[in-house]
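Here is a quick tour of a fold, written for someone who would rather look at the picture than read tables. Keep the structure open beside you as you go.

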Amino acid sequence: MSSDQFDSALDLLRRLPPHSTAANLNRICALAPDLTEELLSSVDQPLQTRQCKKTKRDYLLCDYNRDGDSYRSPWSNEFYPEVEDAEMPSERVRKMEVRMGEAVEVYRELYYEGGISSVYFWDLDDGFAGVILLKKTTPKSNSEGGWDSIHVFEAIDRARNAHYKLTSTVILRLSTGNEALGDMDLSGNMTRQVEQDMPVQDDGSHIVNVGKLVEDMELKMRNLLQEVYFGKAKDIVGDLRSVQPLTEANKDKASHQEMINSMKR
C-alpha cells in the first residue's frame, strides 16, 4: 500500500456526499483491497447494528470490537461468528467495561430518549482505552434523521492521577422532501479532541471521569452544531431566498433610501 493511494482515497471520501460514506468506502476497498484495513480504521462512518445471539440485545459495530469479519458483543463478551484466540479485555478492564455500559445506558435514556449504545474497553501497557458509541435514528418517513457519536479515549495511569485523551466524532444526517418543497439533505461530521489530568482513587473513578468528559464534549458539540453550523446554513438560505415578494422588497428599499436622502438635506 502506498501512502499516495491512501491519501488520495481519504481526499476522495472527503469530497463525496457524507451520507454515502459507507457505500463509497466499500467501493474504494473493492478497487484497492490493500487499503481496506487502514481505511476502516481511519474513516468514520454511520454505526451499524447487530443482535447478540445469546442475550437478544442490539449492539453497535465498529473497528474496535472487530476481529476480521467477527464482532464482539458487549453483552455476552463473545464474538459472532466465533473467533479462535481472539484478543479479549482482562478481567479488571471487562468489569469497568460493564459498569461504563450501564452508566451510558442511563445517560442515553436521559439525553436521547431511546436509541442504542455500546461500550468497548481494551488493555494498554500503561493503562487502558475504550470507545463509547451512541446512535439514534428517526423512523423512516418523508423526513429522516440520524445521530452517531463515537468517543475514543485513552486512560494512562500516573500515581494518584490519570491522563485522559478523548477524541469525539459526531455524524449527523438530516433529510426531508415533498412535492411542494423538493428534496433537502443536510449531513456531515465533526471531530474534536481534549486532554485532561484527573484524580483517581479506584477503578470507579475512571467511570466517573470518562463519563464527565464525554458528557461535556457532547454538550459542546451539540451547541456548535446548533449555533454555528445550523445558524450559518439558515443565514445562507435566508440570503438566497426572499420570503417577502420582490415588489414589496423594492418598495421598502426605495422608502429607506428616500428617508436617508431627506435626512441629508
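## The β6–β7 pair and its sheet

Start with β6 and its neighbour β7, residues 127-137: the two strands run antiparallel and are joined by nine bridges. If you want one spot to look at, try S117, whose bridge partner in β7 is L134. Keep in mind that this is a predicted model.

That pair belongs to an open sheet of five strands, and the order is simply β6-β7-β8-β9-β10, with antiparallel pairing. At the edges sit β6 (116-124) and β10 (182-199), each of which pairs on one side only. Going from one strand to the next, the twist averages 10°.

## Helices on the five-stranded sheet

Two helices to look for here are α4 and α5. Helix α4, residues 91-111, packs on the sheet and touches β6, β7 and β8 (144-158). Its direction makes about 155° with that of β6.

Helix α5 covers residues 203-240 and also packs on the sheet. The strands α5 touches are β7, β8, β9 (161-178) and β10, and its direction makes about 145° with that of β10. So β7 and β8 turn up in the contact lists of α4 and of α5.

## The α1–α2 pair

Now go to the start of the chain. Helix α1 (residues 3-15) and helix α2 (residues 21-31) have axes that come within 10 Å and cross at roughly 155°. Because that angle is over 145, α1 counts as roughly antiparallel to α2. The crossing itself is right-handed.

Which residues make the contact? On the α1 side they are A9, L12 and L13, and on the α2 side T21, N24, L25 and I28. Sorted by class, this contact of α1 with α2 has five nonpolar and two polar residues, with no charged ones.

One more residue to find in helix α1 is Q5. At 44% relative accessibility, Q5 counts as partly exposed.

## The three-stranded sheet

There is also an open sheet of three strands, in the order β3-β4-β5 and with antiparallel pairing. Its edge strands, each pairing on one side only, are β3 (66-67) and β5.

Two bridges join β3 to β4, and these strands run antiparallel. Here D67 has S70 of β4 as its bridge partner. S70 also gives you a handy ruler back to Q5: the two are 65 residues apart in sequence, and their C-alpha atoms are 27 Å apart in space.

## Backbone oddities around β5

A few backbone details are worth a click. In the loop between β4 (70-72) and β5 lies N77, where phi is near 60°, a positive value in a residue other than glycine.

Next, look at Y80 and P81, which are joined by a cis peptide bond with omega at about -10°. P81 has its place in the loop between β5 (79-80) and α4.

D85 lies in the loop between β5 and α4 too. Its phi is near 55°, again positive in a residue other than glycine. Is D85 buried or exposed? Its relative accessibility is 79%, and the cut-off for exposed is over 50%, so D85 counts as exposed.

Notes:
Residues are numbered from 1 along each chain as its sequence is written. This is a predicted model: local features need pLDDT of at least 70, side-chain atom pairs count only at pLDDT 80 or more; totals for chains, interfaces and linings use all residues. Side-chain values use heavy atoms; hydrogens and water are left out. Two strands pair if DSSP finds at least two bridges between them. Helices (H or I, at least four residues) and strands (E, at least two) are DSSP runs, numbered from the N terminus. Axes are lines fitted to C-alpha atoms, for helices over the stretch in contact, and angles run from 0 to 180 degrees between N-to-C directions. Contact means heavy atoms within 4.5 Å. Angles under 35 degrees count as roughly parallel, over 145 as roughly antiparallel, 65 to 115 as roughly perpendicular and the rest as oblique. A crossing is left-handed if the near helix is turned anticlockwise from the far one by less than a right angle, and right-handed if clockwise. Ala, Val, Leu, Ile, Met, Phe, Trp, Tyr, Cys and Pro count as nonpolar, Asp, Glu, Lys and Arg as charged, and the others, Gly among them, as polar. Buried means under 20% relative accessible area, exposed over 50%, partly exposed in between (1.4 Å probe, protein chains only).
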